[in-house]
Amino acid sequence: MAWERGKQRLQKALAGFLEMPKDVLLDYPKITMIGNVQLVLENHRGIVEYADERIRIGITGGQLEIIGEQLVLRTILPEELVVEGRIRQLNYSK
């Protein structure tokens, strides 16, 4: 645990010093939305739950919950996925 916290602090400091995007160096999720009909998530850790009204996705440090209607996973790649449907809500949890 102490090693992980020290490693994260060092990575954050390095990202700031090098002016690099934090999603690249710290493996943070990057979310891009087109209106409320499409969501692109980079740096995911896999699907935890999948239903047409709720999708939970593992991310670094927790989970992302997408709530909506007629949700569909259009693309699943090792580092990126695309969800389409009527997205009403996003929730982060640890």
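In this predicted model, F17 is exposed, with a relative accessible area of 67%; the value lies over the 50% that marks an exposed residue. F17 is placed in helix 1. Together with L14, L18 and M20, F17 forms a nonpolar patch on the surface. The accessible area of these four residues together is about 400 Å².

Helix 1 itself covers residues 2-18 and holds 17 residues. At 1.5 Å a residue, a span of 24 Å is expected for helix 1, and the C-alpha atoms at its ends are 24 Å apart, so the expected and the computed span agree. In general, an α-helix has 3.6 residues a turn, so residues three or four places apart point the same way. Just after helix 1, a positive phi of about 55 degrees is found at E19.

The strands are considered next. Strand 3, made of residues 44-50, runs antiparallel to strand 4, made of residues 54-59, and 4 bridges join the two. Within this pairing, I47 has I57 of strand 4 as its bridge partner. Strand 3 and strand 4 form a hairpin, with 3 residues between them.

Strand 4 also pairs with strand 5, which comprises residues 62-76; this pairing is again antiparallel and extends over 6 bridges. Here R56 has E65 of strand 5 as its bridge partner. Strand 4 and strand 5 likewise form a hairpin, with 2 residues between the strands. In this hairpin, G61 adopts a positive phi near 85 degrees.

The structure contains 6 salt bridges. In one of them, the side chains of E69 and R86 meet at an N to O distance of 3.2 Å. This pair connects distant parts of the chain, since E69 belongs to strand 5 and R86 to strand 6 (residues 80-93), 17 residues apart. E69 has a relative accessible area of 29% and is therefore partly exposed. R86 also counts as partly exposed, at 45% relative accessibility. Both assignments rest on the range for partly exposed residues, which lies between the 20% limit for buried and the 50% limit for exposed.

E69 takes part in a further salt bridge, in which its side chain meets that of R88 with an N to O distance of 3.4 Å. This contact too links distant parts of the chain, with R88 in strand 6 and E69 in strand 5, 19 residues apart. R88 is exposed, because its relative accessible area is 56%, a value over the 50% cut-off.

Another salt bridge is formed by R74 and E84, whose closest N and O atoms are 2.8 Å apart. R74 lies in strand 5 and E84 in strand 6, so that this pair, 10 residues apart, again links distant parts of the chain. With a relative accessibility of 54%, R74 counts as exposed, whereas E84, at 25%, counts as partly exposed. In addition, E49, R54, R56 and E65 are joined into one network by salt bridges that share partners. Two members of this network, R56 and E65, are also the bridge partners named above for the pairing with strand 5.

Methods:
Residues numbered from 1 in each chain as written. Predicted model: local features only at pLDDT ≥ 70, side-chain atom pairs only at ≥ 80, totals over all residues. Heavy atoms only, no water. Pairing = 2+ DSSP bridges. Helix = DSSP H or I, 4+ residues; strand = E, 2+ residues; numbered from the N terminus. Expected span 1.5 Å × (residues − 1). Patch = residues over 30% accessible without salt bridge, like charges linked within 9 Å, V, L, I, M, F, W, Y side chains within 5 Å. Areas by Shrake-Rupley, 256 points an atom, 1.4 Å probe, with all protein chains shown as cover. Buried < 20%, exposed > 50% of the residue type's maximum accessible area, 1.4 Å probe, protein only.
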